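Student: Hey, can we go through this one together? I'd like to start with whatever sits around the ligand.

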Amino acid sequence: MSGRELDLDAILAGADEPLPEGHRSGLLALVGRPNVGKSTLLNQMVGEKVAIVTQVPGTTRNAIRGVVTRSDAQLVFLDTPGLAKPRTLLTRRLNELVRDTWAGVDAVCFLVDVADGIGRGDEFLAAELAGIRTPVVAVANKVDRVRDKASLLPRLARLEGLLGEGRSFADIVPVSAETGENVPALLDVLVSHLPEGPRLFGSGHVSDQPEAQLAAEILREKLIRDLQHELPHSVAVTVDEIRPSEEREDLLEVDAVIHVERDSQKGIVIGRKGANLKAAATAARQELEVLLGAKVFLTTHVTVAKEWQRDAKQLGRLGY
Ligand SMILES: Nc1nc2c(ncn2[C@@H]2O[C@H](COP(=O)(O)OP(=O)(O)OP(=O)(O)O)[C@@H](O)[C@H]2O)c(=O)[nH]1
């Protein structure tokens, strides 16, 4: 009968999996001029656990390009669009959004092609990256194509100075995305720049709209964080879709349903004068705006799941 019941189980099972102490997680922006090897690197990093995912149709600009889940860490890679020449008000605004994303992620992974050499496209991006506080890890890709290994050192030295005076890369890691050489070391370096925290995605479940799933998990994490003493794990969150607002082009609408098991838990989730729910929803919205690169309008609805599941007639009326 109700697929909804199964969904809840899957979400709760994934989110409750025990994680080792010191587990890290975070968002990373993958930045680099066209053809430097971003897709190749991502495929190499995610390996079999690949979760290359489609973009939310509409105004979402930061697609989740891949999720790397290890036993000790989870890395969520965002692909931000390229910066355009700031000729019009629109391109200026769009560039601002890209910069906001770079500022809001935990680390930026900046790829260059050391075989081809560093060019004006890289310099342009580096100048933009120099203005943010987020740690930037420079990845010198395509080392397999540099035949004369002695020439690698001056190339890396040039890369080192690229951010300009007073600003340096958090790390510089030479790799070959094609052969996989040194890619495990790069992953370790990236993980070292992430904060401690639980997985953003449950264990391997990636839906056909992973941004919606991630939105649900972010809100659940905020609720659990605030209410863990009163509400041990008996809360699930579902988001069916993220859709562009019909009224405002730059706005995404997210409707979240919070499922609890008992009426008493509903009161706890909502809190006095709605304070608990408001605090969790605000924190979740702020994180989602970074993730999706757009303004987010988040609505929440709390429902007592057990009662729904028991009442077959009611479920029928609701279309389950
Ligand atoms: N030899 C070699 N080739 C590579 C390496 N990484 C990527 N390539 C090749 O470089 C080309 C571009 O790689 P992509 O991964 O598509 O580059 P991208 O940065 O995702 O490109 P855009 O989607 O245009 O931004 C492809 O032909 C890859 O096979 C590498 O480490 N060594």
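Student: How many residues of the shell around the ligand are nonpolar, polar and charged?

Tutor: The shell divides into three nonpolar, seven polar and five charged residues. Here Ala, Val, Leu, Ile, Met, Phe, Trp, Tyr, Cys and Pro count as nonpolar, Asp, Glu, Lys and Arg as charged, and the others, Gly among them, as polar.

Student: And which residues come nearest to the ligand?

Tutor: Of the 15 residues around the ligand, the nearest are G37, K38, S39, T40 and E178. To be near, a residue needs its C-beta atom, placed from the backbone, within 6 Å of the molecule.

Student: Which helix gives the largest share of that shell?

Tutor: Helix α2, residues 38-46, with three residues. Helices (H or I, at least four residues) and strands (E, at least two) are DSSP runs, numbered from the N terminus.

Student: Is this an experiment or a prediction, and how are the residues numbered?

Tutor: It's a predicted model, where local features need pLDDT of at least 70, side-chain atom pairs count only at pLDDT 80 or more, and totals for chains, interfaces and linings use all residues. Residues are numbered from 1 along each chain as its sequence is written.

Student: What's the average pLDDT of the protein chain?

Tutor: The average is 79, and 78% of the residues score at least 70. pLDDT is the predictor's confidence in each residue, from 0 to 100.

Student: Which elements have the lowest and the highest mean pLDDT?

Tutor: Helix α1 (residues 3-16) has the lowest, 40, and β5 has the highest, 98. Over residues 1-16 the pLDDT is below 50, and this stretch has 21 contacts in the model beyond near neighbours in sequence. A contact means that the C-beta atoms of two residues, placed from the backbone, lie within 7 Å. Residues 48-61 also stay under 50, and the model has 34 contacts for them beyond four places in sequence.

Student: What about scores for the complex?

Tutor: The predictor gives an ipTM of 0.97 and a pTM of 0.67.

Student: OK, new topic. How many helices and strands are there in the protein chain?

Tutor: Eleven helices and nine strands. The chain has 320 residues, and 35% of them are buried. Buried means that 20 or more other C-beta atoms lie within 10 Å of the residue's own; with 12 or fewer it's exposed, and in between it's partly exposed, with C-beta atoms placed from the backbone.

Student: Let's pick a helix. Which residues in α9 are buried?

Tutor: N276, L277, A280, A281, A284, E287, L288, L291 and L292. They cover an arc of only 135° around the axis, so they sit on the same side of α9. The arc is that of the directions from the helix axis to the C-beta atoms.

Student: Why do residues three or four places apart point the same way?

Tutor: Because an α-helix has 3.6 residues a turn.

Student: Which residues are exposed on the other side of α9?

Tutor: A275 and T282. Right after α9 comes G293, with a positive phi near 65°.

Student: And what does α4 look like, which residues are buried there?

Tutor: In α4 (residues 120-129), the buried ones are D122, L125, A126 and L129. Their arc is only 100° around the axis, which puts them on the same side of α4. R120 and A127 are exposed on the other side. The buried residues pack against β1 (24-31), α3 (89-104), β4 (107-113) and β5 (136-141).

Student: Where is N35, and is it buried or exposed?

Tutor: N35 is in the loop between β1 and α2. N35 counts as exposed because it has 11 C-beta neighbours inside 10 Å. Its phi is near 80°, a positive value in a residue other than glycine.

Student: Last one: is I258 in strand β8 buried or exposed?

Tutor: I258 is buried, with 24 other C-beta atoms within 10 Å. Its strand, β8, spans residues 251-260. Leaving aside neighbours within four places in sequence, I258 has contacts that include L223, V235 and H301. The C-alpha atoms of I258 and T303 are separated by 6.1 Å, with the two residues 45 apart along the chain.
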